[in-house]
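Work through the exercises below with the model open beside you. Try each task before you read its solution.

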Amino acid sequence: MSQPLYLRVGNWLKQFPQSLANGAPEAPTVSGPAAAALLSAAFSCFLLMVNQHLTVLFKGWNAIVWSLGEWIPGSRTGDQVYGEIGSYSGKETLMLVSWLLSWAILHQLWKTRNIRANSLYGSLIFFLVAATVMNWHPIFPYLPLMPH
């Protein structure tokens with residue numbers, strides 16, 4: 001007796017994660033590709049916050065960044081009720097581009113190398129702490145960087 005299509009699809013989906021759980025037949029021999037993935041994500045978070053402050057300081061740059069994000073729905077609506085995303089859409093676009101570009105570059109540079117864990121963790125902590133501090137509003141109003 002043949003099973004209905006939805007049961008066959010459901011049973012196939014139950015098997016799918018098992019194939020991922022088996023993993024690669026051999027363990028990776030270099031850490032560079034994984035380090036490139038991790039560091040590029042942290043770098044893009046850092047760049048997002050740097051860009052946030054640059055758009056506050058320079059209105060011309062804010063307009064350019066906003067125009068880069070107009071492809072995102074809701075970026076510029078003019079709707080008073082629901083509002084709009086604004087230049088944050090461009091900041092997210094630049095973050096996405098910087099993440100993918102830095103990942104591709106670092107992957108090409110490090111694909112056959114072992115990256116020392118201390119260097120990787122130090123860089124990750126630097127980028128993530130710096131991004132967090134730049135997002136922490138109790139600090140930045142008191143710095144001369146922000147307009148008054």
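Buried means under 20% relative accessible area, exposed means over 50%, and partly exposed is in between (1.4 Å probe, protein chains only). This is a predicted model: local features need pLDDT of at least 70, side-chain atom pairs count only at pLDDT 80 or more, and totals for chains, interfaces and linings use all residues. Residues are numbered from 1 along each chain as its sequence is written, and side-chain values use heavy atoms, with hydrogens and water left out.

**Exercise 1. The chain as a whole**

Task: State how many helices and strands the protein chain has, and what share of its residues is buried.

Solution:
- Start with the elements. Helices (H or I, at least four residues) and strands (E, at least two) are DSSP runs, numbered from the N terminus.
- The protein chain has 5 helices and 0 strands. Its pattern along the sequence is α-α-α-α-α.
- Now burial. Of the 148 residues in the protein chain, 26% are buried.
- Finish with contacts, meaning heavy atoms within 4.5 Å. Take those with a separation of 6 or more: 66% of them join residues 24 or more positions apart.

**Exercise 2. Three residues of helix 2**

Task: Decide whether Ser44, Ser40 and Ala34 are buried, partly exposed or exposed.

Solution:
- Ser44 lies in helix 2. Its relative accessibility is 2%, so Ser44 counts as buried.
- Look beyond residues up to four places away in sequence. There Ser44 touches Met95, Ser98 and Trp99.
- Ser40 is in helix 2 too. Its relative accessibility is 0%, so Ser40 is buried.
- Setting aside neighbours within four places in sequence, Ser40 contacts Trp99, Ser102, Trp103 and Leu106.
- The Ser40 side chain also reaches the backbone oxygen of Ala37 at 3.0 Å.
- Ala34 belongs to helix 2. At 49% relative accessibility, Ala34 is partly exposed.
- Ala34 and Asn114 are 80 residues apart along the chain, yet their C-alpha atoms are separated by 9.8 Å.

**Exercise 3. Helix 2 against helix 4**

Task: Which orientation does helix 2 have relative to helix 4?

Solution:
- Recall the method. Two packed helices are described by the angle between their axes and the distance between the axes.
- Axes are lines fitted to C-alpha atoms, for helices over the stretch in contact; angles run from 0 to 180 degrees between N-to-C directions.
- Angles under 35 degrees count as roughly parallel, over 145 as roughly antiparallel, 65 to 115 as roughly perpendicular and the rest as oblique.
- The axes of helix 2 (residues 32–57) and helix 4 (residues 88–110) come within 8 Å and cross at roughly 150°. Helix 2 is therefore roughly antiparallel to helix 4.
- Sort the contact residues: 17 are nonpolar, 9 polar and 2 charged. Here Ala, Val, Leu, Ile, Met, Phe, Trp, Tyr, Cys and Pro count as nonpolar, Asp, Glu, Lys and Arg as charged, and the others, Gly among them, as polar.

**Exercise 4. Where helix 3 packs**

Task: Classify the angle of helix 3 with helix 2 and with helix 4.

Solution:
- The axes of helix 2 and helix 3 (residues 59–68) come within 5 Å and cross at roughly 125°. So the two helices are oblique to each other.
- Helix 2 supplies Asn51, Leu54, Thr55, Val56 and Leu57 to this contact, and helix 3 supplies Lys59, Trp61, Asn62 and Val65.
- Helix 3 and helix 4 pack at about 70°, with axes 6 Å apart. That makes them roughly perpendicular.
- Here Trp61, Val65, Trp66 and Leu68 of helix 3 meet Ser89, Gly90, Lys91, Thr93 and Leu94 of helix 4.
- By class, this contact has 5 nonpolar, 3 polar and 1 charged residues.

Notes. A polar contact is a pair of N or O atoms within 3.5 Å; within protein, one must be able to donate a hydrogen and the other to accept it, and residues adjacent in sequence count only if both atoms are side-chain atoms.
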